[in-house]
Amino acid sequence: MAPEYKRQFNAALDALYAKEIQDIYSNYLDSSLSQNDRSSELKSALKRYAQKVDNLKFRSAPLAICILNVMYGLSSQTRNNLDVQIIQDIKKITVTLYNIFKHSLYADDLINKEEAIIGEEDDFDRILYLTFETCFNIAHDGIKYRKSRDIFNTGVTLMARILGALNKNNLGESLAKYTARYESLENSITDSGVDVEKLKECLKLLKERYLASSYEDQSRLEKELLDLKFNYY
């Protein structure tokens with residue numbers, strides 16, 4: 001396929017994927033349907049979409065932003081409305097997109113981003129923000145799902161990994177901003193019904209593990225987390 005036709009084809013494909021996820025979200029927000037009907041449709045539609053994202057080879061930052069905007073919107077409603085399977089798919093899509101773009105998120109300039117990635121500097125800032133905030137929501141509400149504690153653990157682990165990457169790449173201003181957001185999670189778990197002090201200690205150790213620069217410190221912190229029976233990803 002000639003380069004120009006390939007570009008047009010990819011742009012059309014991106015537009016279709018963007019419309020599909022926007023339609024999924026619009027249908028969920030349709031107040032003319034019952035909450036049960038909306039949740040049931042969202043559950044099946046999001047699962048199909050998660051499978052597509054898992055197999056996509058796209059590199060378009062604007063498309064990722066479109067998808068993450070929906071993940072963030074859905075994750076902000078998890079406390080009262082969404083079941084575990086829906087949250088699992090939100091988590092899956094968010095982690096998949098982060099892994100696709102993570103090398104470009106921390107590049108000090110666009111010249112050093114991954115070559116095949118399409119996007120502007122502001123796009124990568126937005127992807128990072130939406131990823132972190134979606135994980136915050138997942139972690140915040142994941143505490144209450146006793147049978148799926150990995151929802152909480154995955155959310156906070158990705159947040160901690162982001163802090164570690166910001167630190168490693170000497171992005172001090174962003175590190176300070178996102179560290180404050182990470183630490184604010186402690187203030188939102190006091191009504192969760194779990195051992196709050198133990199959970200706060202796990203959050204602190206997890207953050208320290210990803211900020212640690214030496215293998216010895218990382219191993220020590222990993223052991224402490226293991227002793228507290230906290231699984232991280």
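How much space lies in the largest cavity? About 30 Å³, and we'll come back to that spot once the helices around it are familiar. Keep in mind that this is a predicted model, where local features need pLDDT of at least 70, side-chain atom pairs count only at pLDDT 80 or more, and totals for chains, interfaces and linings use all residues. Residues are numbered from 1 along each chain as its sequence is written, and side-chain values use heavy atoms, with hydrogens and water left out.

Let's start with helix packing. Two packed helices are described by the angle between their axes and the distance between the axes. Axes are lines fitted to C-alpha atoms, for helices over the stretch in contact, and the angles run from 0 to 180 degrees between N-to-C directions. The helices themselves are DSSP runs (H or I, at least four residues), numbered from the N terminus.

Find helix α5, residues 84-105. Helix α2 (residues 35-55) packs on α5 at an angle of about 25°, with the axes 9 Å apart. That makes α2 roughly parallel to α5 (angles under 35 degrees count as roughly parallel, over 145 as roughly antiparallel, 65 to 115 as roughly perpendicular and the rest as oblique). On the α2 side, the contact (heavy atoms within 4.5 Å) includes Leu42, Leu46 and Val53, while Ile86, Ile90 and Leu97 are among the α5 residues. By class, this contact has 9 nonpolar, 3 polar and 5 charged residues. Here Ala, Val, Leu, Ile, Met, Phe, Trp, Tyr, Cys and Pro count as nonpolar, Asp, Glu, Lys and Arg as charged, and the others, Gly among them, as polar.

Now look at α3 (residues 61-75), which packs with α5 at about 150°, with the axes 10 Å apart. α3 and α5 are therefore roughly antiparallel to each other. Ala61, Ala64, Ile67, Leu68, Met71, Leu74 and Ser75 of α3 meet Ile90, Ile93, Thr94, Leu97 and Phe101 of α5. What classes do these residues fall into? There are 10 nonpolar, 2 polar and no charged ones in the contact of α3 with α5.

Further along the chain, α8 (residues 172-184) and α9 pack at about 155°, with their axes 11 Å apart. α8 and α9 are therefore roughly antiparallel to each other. Leu175, Thr179, Tyr182 and Glu183 of α8 touch Leu203, Leu206, Lys207 and Leu211 of α9, a set of 5 nonpolar, 1 polar and 2 charged residues.

Time for the empty spaces. On a 1 Å grid over the protein atoms alone, a cavity is a set of points where a 1.4 Å probe fits but cannot get out, and a pocket is an open set with protein on both sides within 12 Å along at least five of seven lines; lining residues have an atom within 4 Å of a point. Grid points are joined across faces, edges and corners, and a volume is the space filled by probe spheres set on the points.

The whole structure has 1 cavity of 30 Å³ or more. Lys91, Thr94, Val95, Cys135, Ile138, Thr154, Gly155 and Leu158 line the largest cavity, and α5, α6 (121-142) and α7 each supply at least two of its lining residues.

The largest pocket has a volume of about 400 Å³. Of its 16 lining residues, the closest to the centre are Arg161, Gly164, Ala165, Lys168 and Asn169. The largest share of the lining, 5 residues, comes from α7.
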